[in-house]
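User: I've got a structure open and I'd like to learn how to read it feature by feature. Could you walk me through it?

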Number of protein chains: 2
Amino acid sequence: MTNSADAAPTPPLAGRRAQAARNDAVILEAARAVFLDDPKAPIAAVADRAGVGISALYRRYASKEDLLRRLCHDGLRRYVAEVEVAVADPDGWQGLVGFLGRVVDADVHSLTVHLAGTFAPTPEMGQDAARSGELTAALVERAQAAGRLRADVVVQDVGLLLEGCAAIRVPDPERTRQLRRRHLAVLLAGLSAAGGGPERPRPPPAAGELDWRWKQRK
Amino acid sequence: MTNSADAAPTPPLAGRRAQAARNDAVILEAARAVFLDDPKAPIAAVADRAGVGISALYRRYASKEDLLRRLCHDGLRRYVAEVEVAVADPDGWQGLVGFLGRVVDADVHSLTVHLAGTFAPTPEMGQDAARSGELTAALVERAQAAGRLRADVVVQDVGLLLEGCAAIRVPDPERTRQLRRRHLAVLLAGLSAAGGGPERPRPPPAAGELDWRWKQRK
DNA sequence: ATCAGAGCGGAGCGATCCGTTCCGCTGCTA
DNA sequence: TAGCAGCGGAACGGATCGCTCCGCTCTGAT
């Protein structure tokens, strides 16, 4: 994300350009934190949190919608990257478990879902979303093939799980992470083939049933 | 909730007073639906949904905050009523399971938690909240005593569970209910003593750790 | 039959909020 | 040293929203 065009003579962290390049990251991180906390937060809140003026924001993004889109797309890409790593795991079950832990920790779900509908998605985002769906499905199948995931689980159950974990939130971020991990462990136990109980209530979530958020709202 | 002072000669559903009494319920139900969907919704949205004018609202509630408080307190009372029924169940585990199902169906958690912080709570609400906590703790203990609930579960885990279920939401309310039930079943399987797995990640949620929402925000 | 007023619809006021623009300053960079 | 990238932040214009208020209707007591 840092600007690679800065092979300047000086050590790479002084001067105006370098500061600006650093601001790129600072602003994105601030925006992440702010909009995760309140998806309707004003732009000024991001600027304050980043410790910069509003101009620094508008120099980088043409509009609030642009920033939101960028944030969301980054989250989506992160998701795809994680799930790609996961399907490469030789152990289908461990691949799924590790994947969920990392995605929950990174709070990717809040980024992609709570922000959805606040901006017009690009075609590229649609492709990435489709790809993420396919890969997640593959991940679920592999975990089932390994015999560790209940057979009556469907891909969309992963969406419900992520939704549930993302809903856990306390003021302290690290504590939030811990509580989510605990919640995730309970869910995984309930989803594992070892986990008792008869059938899960039907009908299971259907394809596309969780996609309504992506329709532009407002 | 219907006005019992209407033992009028006519069948009890005609006349201005009766219409007004019916509006009481209509407005409350509309407010429930609207604020459940968007806690920041404007008052006018409630009036529209109820099919009445704004005056009809302000005749009943002095302010928006008043209405929110009423809604939230109703939810809290509902919770207490349900948990009272549950602790009376001779089967500790079935008491817990049935209770969770009813509370999740009624979407009580969204009412009490997503609205919290948007109004100044009354002392009476504090008492009810305390009582609900005690009763829930008793419920958990009874389920553990029955040997059906894992020993490393704490009361606050119920809070996490409700939080997670409340986060599931699709446009159709009945479908939302079904998906939440499915999610709840997974969680219960993960929480039941039969459910496999070693220890749950520690430390478990602590007392009061989920109460930060009740601090007045904004 | 009469009429005071409960009940209500809805326009509009005043306050607030928010996205975005723009001006002027600073201090790199060429 | 001149020029401009980069930025801070005031302020504008529009939108939103809680709430008030005026006037109408029609009930229900007399």
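Analyst: Sure, we'll go from the overall fold to the chain pairing, then the DNA strands, and end on a single residue. One thing up front: this is a predicted model.

User: Fine. How many helices and strands does the secondary structure of chain A come to?

Analyst: Chain A comes to 9 helices and 0 strands, so there's no sheet to trace here. Read along the sequence, the pattern is simply α-α-α-α-α-α-α-α-α. As for extent, the C-alpha trace spans about 65 × 45 × 35 Å along its principal axes. Of the 218 residues in chain A, 33% are buried. And if you take contacts in chain A with a separation of 6 or more, 66% of them join residues 24 or more positions apart.

User: Which domains is chain A divided into?

Analyst: There are domain 1 (8-60) and domain 2 (69-214). Their centres, taken over C-alpha atoms, are separated by 29 Å. At the boundary, 5 residues of domain 1 of chain A are in contact with 7 residues of domain 2 of chain A. The domain 1 side of that boundary has 4 nonpolar residues, no polar ones and 1 charged.

User: Now the two protein chains. What rotation superposes chain A on chain B?

Analyst: The general idea first: two copies of a chain are related by a rotation about an axis and a shift along it. Here, a rotation of 180° with 0.0 Å of shift along its axis puts chain A on chain B, with an RMSD of 0.0 Å. That is the relation of a two-fold axis.

User: And how do I read the interface between them?

Analyst: Interface size is often quoted as the accessible area lost when the parts come together. What we have here is a residue count: 30 residues of chain A are in contact with 30 residues of chain B. On the chain A side, α8 (155-167) and α9 (173-191) each supply at least two residues, and α9(A) gives the most, with 11 residues. By class, that side has 17 nonpolar, 8 polar and 5 charged residues.

User: Why do the copies meet through the same surface?

Analyst: Because 100% of the interface residues of chain A are also interface residues in chain B.

User: On to the DNA. Which residues come closest to strand C?

Analyst: A surface like this can be read by residue, then by element, then by class. DNA strand C is surrounded by 22 residues, the closest being G15(A), P42(A), S63(A), G53(B) and S55(B). Two or more residues each come from α1, α2 (43-50) and α3 of chain A, and from α1 and α3 of chain B. The most come from α1(B), with 5 residues. The classes are 9 nonpolar, 7 polar and 6 charged.

User: Which residues come nearest to DNA strand D?

Analyst: Of the 22 residues around DNA strand D, those are G53(A), S55(A), G15(B), R16(B) and P42(B). For this strand α1(A) gives the most, with 5 residues. The surface near DNA strand D divides into 9 nonpolar, 7 polar and 6 charged residues.

User: Last one: is A50(B) buried or exposed?

Analyst: The cut-off for buried is 20 or more other C-beta atoms within 10 Å. A50(B) has 20, so A50(B) counts as buried. A50(B) lies in helix α2 of chain B. Leaving aside neighbours within four places in sequence, A50(B) is in contact with V26(B), I27(B) and A30(B). A50(B) and A25(B) are 25 residues apart in sequence and 9.5 Å apart in space, C-alpha to C-alpha.

Conventions
Residues numbered from 1 in each chain as written. Chains lettered and ligands numbered in written order. Predicted model: local features only at pLDDT ≥ 70, side-chain atom pairs only at ≥ 80, totals over all residues. Near = placed C-beta within 6 Å. Helix = DSSP H or I, 4+ residues; strand = E, 2+ residues; numbered from the N terminus. Nonpolar A, V, L, I, M, F, W, Y, C, P; charged D, E, K, R; others polar. Contact = placed C-beta atoms within 7 Å. Least-squares fit on C-alpha atoms with pLDDT ≥ 70 in both. Domains from an automatic or database assignment. Buried ≥ 20, exposed ≤ 12 C-beta atoms within 10 Å, placed from the backbone.
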